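I opened a fresh notebook page today to look through one protein model. Come along and check each entry against the picture.

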Amino acid sequence: MDTTIDLATRVGQALKAKNLLLATAESCTGGGIAHAITEIAGSSEWFDCGFVTYSNASKNELLDIPEAMIALHGAVSEEIAGAMAEGALANSSSDVAVSTTGIAGPGGAVPGKPVGTVCFGWKVGDKTYTERLVFAGDRQAVREQTVVHSLKGLLKLLAD
């Protein structure tokens, strides 16, 4: 089984090999992806910055996501996850971005979005990719699974 450190190391190797910089835009993970990445010695060579945009206001102010877009789709949506990744690139010197927004629990569920719902965004080059998953477990388990899936998604896209 891949640990977050193993995955972060492999992400770093892939980014460094392609001479790319990474930015993160995190909501439900609260900086967990950036934390995993910066556990790796030398990550300053391939990690630019992280945005922790927990509130809707910070998504608007730091990542340029229109309030109307958040109102229309909800903060936990593939549309917002994609916009978060795009906003991270637009507001940094990075080439690649990953984003997360979700309901880690124990509360916060709404119809159609149970606890454990997480939306992901990845932006590589001119393409934005999104995904919606529902993870099982408590708050910590949902957040850990989200970090792991984010890193695995980066590895897959960087391998293409």
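Before the first entry I wrote down a cut-off: a residue is called exposed when its relative accessible area is over 50%, and buried when that area is under 20%. I also noted that this is a predicted model.

**Entry 1: residues in loops**

I began with N19, which sits in the loop between α1 and β1. Is N19 buried or exposed? Its relative accessibility is 69%, so N19 counts as exposed. I then looked at its backbone and found a positive phi of about 55 degrees, although N19 is not a glycine.

D64 was my next stop, in the loop between α3 (56-63) and α4 (67-73). Here too phi is positive in a residue other than glycine, with a value near 60 degrees.

S44 belongs to the loop between α2 and β2 (47-52). I read 65% relative accessibility for S44, so this serine counts as exposed. I also looked up its distance to L22: the two are 22 residues apart in sequence, and their C-alpha atoms are 9.9 Å apart in space.

In the loop between β3 and β4 I found P106. The peptide bond leading from G105 to P106 is cis, and its omega is near 5 degrees.

**Entry 2: helices with a ruler**

How many residues does helix α5 have, and what span should they give? I found 13 residues, 78-90, which should span 18 Å at 1.5 Å a residue; the end C-alpha atoms are 18 Å apart, so the two agree. The buried residues of α5 include I80, M84 and L89, along with A81, A83, A85 and A88. Two glycines, G82 and G87, are also on that buried list.

Next I took α6, which has 21 residues. From its first C-alpha to its last, α6 reaches 31 Å, close to the 30 Å expected at 1.5 Å a residue. Among its buried residues I noted V142, H149, S150, G153 and L158. What do the buried residues of α6 pack against? My list reads α1 (4-18), β1 (22-26), α2 (32-38), β3 (96-102), β4 and β5.

**Entry 3: one serine in α6**

I picked S150, a residue of helix α6, for a second look. Its relative accessibility is 0%, so S150 counts as buried. Which residues does S150 touch, leaving aside its neighbours within four places in sequence? The contacts are I33, V98, T100, F120 and W122. Two of those names, F120 and W122, led me to the next entry.

**Entry 4: aromatic rings**

I reminded myself that a pair of aromatic rings is described by the distance of the centres and the angle of the planes. Searching the whole structure gave me 2 aromatic pairs. In the pair of F120 and W122, the ring centres are 5.6 Å apart and the planes meet at 5 degrees, so this pair is stacked. Both F120 and W122 are buried.

The rings of F120 and F135 have their centres 6.2 Å apart and their planes at 90 degrees, so this pair is edge-to-face. It links distant parts of the chain, with F120 in strand β4 (residues 117-124) and F135 in the loop between β5 (127-134) and α6 (139-159), 15 residues apart. F135 is buried, as is F120. Taken together, F120, W122 and F135 form one aromatic cluster.

**Entry 5: pockets**

Rolling a probe the size of a water molecule over the atoms shows where empty space is left. The largest pocket has a volume of about 260 Å³. Its lining is made of 14 residues, and T4, E144, Q145, V147 and V148 lie nearest its centre. Which element gives the largest share of that lining? It is α6, with 6 residues. Both α2 and α6 supply at least two residues each. By class I counted 4 nonpolar, 5 polar and 5 charged residues in the lining of the largest pocket.

The second largest pocket has a volume of about 190 Å³. It is lined by 13 residues, and S27, V76, T101, G102 and I103 are the closest to its centre. I sorted the lining of the second largest pocket into 6 nonpolar, 4 polar and 3 charged residues.

How values were computed:
Residues are numbered from 1 along each chain as its sequence is written. This is a predicted model: local features need pLDDT of at least 70, side-chain atom pairs count only at pLDDT 80 or more; totals for chains, interfaces and linings use all residues. Side-chain values use heavy atoms; hydrogens and water are left out. Rings of Phe, Tyr and Trp (its six-membered ring) pair if their centres lie within 6.5 Å; planes under 30 degrees apart count as stacked, over 60 as edge-to-face and the rest as tilted. Buried means under 20% relative accessible area, exposed over 50%, partly exposed in between (1.4 Å probe, protein chains only). Helices (H or I, at least four residues) and strands (E, at least two) are DSSP runs, numbered from the N terminus. The expected span of a helix is 1.5 Å times one less than its number of residues. Contact means heavy atoms within 4.5 Å. On a 1 Å grid over the protein atoms alone, a cavity is a set of points where a 1.4 Å probe fits but cannot get out, and a pocket is an open set with protein on both sides within 12 Å along at least five of seven lines; lining residues have an atom within 4 Å of a point. Grid points are joined across faces, edges and corners, and a volume is the space filled by probe spheres set on the points. Ala, Val, Leu, Ile, Met, Phe, Trp, Tyr, Cys and Pro count as nonpolar, Asp, Glu, Lys and Arg as charged, and the others, Gly among them, as polar.
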